[in-house]
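Here is a short note for a colleague who is new to this structure. Please keep the sequence and the model open while reading the points.

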Amino acid sequence: WGDYNNKLPALWEKRDLFNALYGTPPMFMFNRALWEQNKVRFGQSYKTTGPIARAVGDSEMMDHRFLTTDRDVQQTVFANGVTVTVNFGESPFRLNGDVTIPSLGLNVTGLSK
């Protein structure tokens, strides 16, 4: 319970990316003052992770791989066809030659509309 997305604000963005990568919803701890101060950021976190968590919550993770030797770019594949690729690195990453994932960005394929 002591480890939640907004515990260390400097890492909040990376925590959202880990949630997206693993298909897990974010967890927050806050009081009214912290909510008022960060409600836009809380919403951003939910928008980043929520659709993925809903899509893969009951789907087995079939694969996890590191796409770069420094492990900054990681990818998970779920049984229902959803693939999440996350770039934790400082430089953009070219995925399959046609998609560029920015630093601290992600690419998701296979989500139902």
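1. Is Arg41 buried or exposed? The model is a predicted one. In it, Arg41 has a relative accessible area of 17%. Buried means under 20%, so Arg41 counts as buried.

2. Where does this arginine sit? Arg41 belongs to helix α2. Leaving out residues up to four places away in sequence, Arg41 touches Trp12, Glu13 and Asp16. Helix α1 covers residues 12-22 and α2 covers 32-56.

3. Next, the sheet. Four strands make up an open sheet. Their order is β1-β2-β3-β6, and the pairing is antiparallel. At the edges are β1 and β6 (105-109), each of which pairs on one side only. From one strand to the next, the twist averages 10°. Helix α1 packs on this sheet and touches β1, β2, β3 and β6. The direction of α1 makes about 35° with that of β2.

4. A general reminder helps here. Strands of a sheet pair through backbone hydrogen bonds, and the pairing is either parallel or antiparallel.

5. Now look at one pair of strands. β1 spans residues 61-66 and β2 spans residues 73-78. The two pair in the antiparallel sense, over five bridges. Which residues of β2 face Arg65 and Phe66? Arg65 stands opposite Gln75. Phe66 stands opposite Gln74.

6. The same two strands, β1 and β2, form a hairpin. Six residues lie between them. One to check in the turn is Arg71, which has a positive phi of about 65°.

7. Which residues form the largest nonpolar core? This core has ten residues. They are Leu17, Ala20, Leu21, Ile52, Val56, Phe78, Val82, Val84, Val86 and Phe88. Helices α1 and α2 each supply at least two of them, and so does β3 (83-87). The largest share, three residues, comes from α1.

8. Val86 is a good residue to inspect. Val86 is a member of that core. Setting aside neighbours within four places in sequence, what is Val86 in contact with? Its partners include Leu17 and Leu21, and these two are also core members. Val86 is further in contact with Asp72, Val73, Gln74, Gly105 and Leu106. Among these, Gln74 is the residue that stands opposite Phe66.

Key: Residues numbered from 1 in each chain as written. Predicted model: local features only at pLDDT ≥ 70, side-chain atom pairs only at ≥ 80, totals over all residues. Heavy atoms only, no water. Core = buried A, V, L, I, M, F, W, Y, C linked by side-chain atoms within 4.5 Å. Buried < 20%, exposed > 50% of the residue type's maximum accessible area, 1.4 Å probe, protein only. Contact = heavy atoms within 4.5 Å. Pairing = 2+ DSSP bridges. Axes fitted to C-alpha atoms, helices over the stretch in contact; angles between N-to-C directions.
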